[in-house]
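Colleague: I am new to this structure, and I would like a close look at one part of its interior, followed outward step by step. Please start from a single residue and link it to what lies around it.

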Amino acid sequence: MTTTRQGRLAARPSGWPKRSDWAFTEEAVGEPADGQVLVKVSHLSLDPAMRGWMNDGKSYIPPVVIGEVMRAGGVGEVLATKHPGFKVGDPVTGTFGVQQYAISDGKGMRKVDTRFAPLPTYLGVLGAPGMTAYFGLLDIGKPQPGETVVVSGAAGAVGAVVCQIAKIKGCRVVGIAGGAEKCKYLTDVLHCDAAIDYKNDDLKAGLKKHCPDGIHVYFDNVGGEILDACLGRIALHARIIICGAISQYNSTTPPKGPANYLSLLVNRATMTGMVVFDYAGRYGEAAKEIAGWMAAGKLVHKEDVVGGGIDAFPETLLKLFTGENLGKLVLAL
Ligand SMILES: NC(=O)c1ccc[n+]([C@@H]2O[C@H](COP(=O)([O-])OP(=O)(O)OC[C@H]3O[C@@H](n4cnc5c(N)ncnc54)[C@H](OP(=O)(O)O)[C@@H]3O)[C@@H](O)[C@H]2O)c1
């Protein structure tokens, strides 16, 4: 009998998630019923949003229920199928959860082309982070050639794609990331015009130096003090995309509002929240254009694949918050 190992939410964390907030179970792998497929999951997507899904309360998606298998995107292969849309051996991506095998009714699941890119890439640039970067920057940020685009969390899954699309669109790009290694990656590999190491450099001085005409588009992945510093440097009619606020996700006190918000008034600027799921009907359009840039050598990608399987999930998730990942963080099962 084949069994599947699963990571379940055991408690709602206060502050940083601890190993005791998780429980591990083993279950027999079932047969797919009519309309279902059985998937062997090979890699899981580790996302900052998972921290929010662990909390109770209203959000853009319901919280994970205590005792439930933790929600997670994944990639894998169809092992058995009673679904007309999938055949055995199909490489697929979907929300499979923190488990080795998943039964799916096919909703939200799609086939991917492993001749074009390996499976983990469909969790990064060709998955939700790529879609987030594409629609957040182009649909909300509307960058124009010659404008200055500032990106926080710039060496991460979403940020790295934003930096490169902004360059493709003819913008000056300033990336913000923690540490010299990540900043070198931003300038040498992603071709950012400048990088600011917010952990070791003076962020405000860096923004002043590298954004002499102000910030036209700020793509915010981190919130907190970095958002405030960027607000203080925006140009007339600037567009700010609120994509995420990872600096606040483990906070035990309510997030502080941006002190510099009146800069929006002075500069007739906008600050707009985005949720990638709202663009689900247009993912194909983004994936096609991103794949074209990849094939043309204009857009590079990096997956940071960590081993260890299901039991390594709790500690691997924390790498997003300590900044140990470079590129898209993926757990290999
Ligand atoms: N709105 C949406 O639909 C949507 C969809 C996907 C993702 N997101 C959001 O996009 C953001 C990036 O997600 P991702 O998957 O691409 O993660 P990621 O950037 O690959 O990884 C997270 C990075 O955040 C940085 N970070 C962690 N703590 C920080 C802090 N206190 N201050 C500043 N930076 C910090 C770290 O980089 P450093 O080493 O540079 O600090 C870390 O590597 C997250 O806020 C996420 O919630 C939103």
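**From a buried cysteine to the ligand**

Modeller: Leaving out residues up to four places away in sequence, Cys230 touches Val150, Ile176, Leu207, Ile215 and Tyr218. Please keep in mind throughout that this is a predicted model. Cys230 itself lies in helix α6, which runs over residues 224–231, and it counts as buried because its relative accessible area is 0%, where the cut-off for buried is under 20%. As a marker of how far this residue is from another part of the chain, Cys230 and Leu44 are 186 residues apart in sequence, and their C-alpha atoms are 33 Å apart in space.

From here we can turn to the nonpolar cores. In soluble globular proteins, nonpolar side chains tend to be buried together. The largest nonpolar core in this model has 46 residues, and among these Leu126, Leu137, Val151 and Ile290 touch the most other members. Several elements each supply at least two residues of this core, namely the helices α2 (128–141), α3, α4 (180–188) and α8 (283–295), together with the strands β8 (148–151), β9 (172–177) and β11 (215–220). Of the elements, α3 gives the most to this core, with seven residues. A second, separate core has 30 residues, and it includes Val37, Val39, Leu44 and Leu317, so named here because two of these residues, Leu44 and Leu317, come up elsewhere in this account.Two residues of the larger core region deserve a closer look. Leu126 touches Arg110, Phe116, Ala117, Thr121, Met131, Ala287, Ile290, Ala291 and Met294, again not counting residues up to four places away in sequence. Gly130 has its place in helix α2, and it is buried, with a relative accessible area of 0%. Beyond its neighbours within four places in sequence, Gly130 is in contact with Gly124, Val125, Val161 and Ile290, so that Ile290 appears in the contacts of Gly130 as well as in those of Leu126. Gly130 and Tyr283 are 153 residues apart in sequence, while their C-alpha atoms are 9.5 Å apart in space.

Next comes helix α9, which spans residues 313–322 and, like α3 (157–168), supplies at least two residues of the shell around the ligand. Within α9, the residues Phe313, Pro314, Thr316, Leu317, Leu320 and Phe321 are buried, and the buried residues of this helix pack against β2 (22–28), α1 (49–53), β14 (303–306) and β15. After the helix comes Gly323, whose phi is positive, near 80°.

A little further along the chain is Asn325, in the loop between α9 and β15 (328–332). Asn325 counts as buried because its relative accessibility is 9%. A polar atom of its side chain lies 3.0 Å from the backbone oxygen of Gly327, and, not counting residues up to four places away in sequence, Asn325 touches Lys182, Asp304, Lys319 and Leu320.

Asn325 also leads to the ligand, since it is one of the residues that come nearest among the 25 around the ligand, the others being Lys182, Tyr198, Met274 and Val276. By class, this shell has 15 nonpolar, nine polar and one charged residues. Three pairs of polar atoms can be picked out between protein and ligand: an oxygen atom of the ligand is 2.7 Å from a polar backbone atom of Val276, a polar side-chain atom of Tyr249 lies 2.8 Å from an oxygen atom of the ligand, and a backbone N or O atom of Cys243 lies 2.9 Å from a nitrogen atom of the ligand. Taken alone the ligand exposes 920 Å², and the protein buries 89% of that area.

For contrast with the buried residues, consider Asn200, found in the loop between β10 (194–197) and α5 (203–210). Asn200 counts as exposed because its relative accessibility is 56%, and its side chain is joined to that of Asp197 by a polar contact of 2.7 Å.

Note on methods: Residues numbered from 1 in each chain as written. Predicted model: local features only at pLDDT ≥ 70, side-chain atom pairs only at ≥ 80, totals over all residues. Heavy atoms only, no water. Near = heavy atom within 4 Å. Polar contact = N/O pair within 3.5 Å; in protein donor to acceptor, adjacent residues only side chain to side chain. Areas by Shrake-Rupley, 256 points an atom, 1.4 Å probe, with all protein chains shown as cover. Helix = DSSP H or I, 4+ residues; strand = E, 2+ residues; numbered from the N terminus. Nonpolar A, V, L, I, M, F, W, Y, C, P; charged D, E, K, R; others polar. Core = buried A, V, L, I, M, F, W, Y, C linked by side-chain atoms within 4.5 Å. Buried < 20%, exposed > 50% of the residue type's maximum accessible area, 1.4 Å probe, protein only. Contact = heavy atoms within 4.5 Å.
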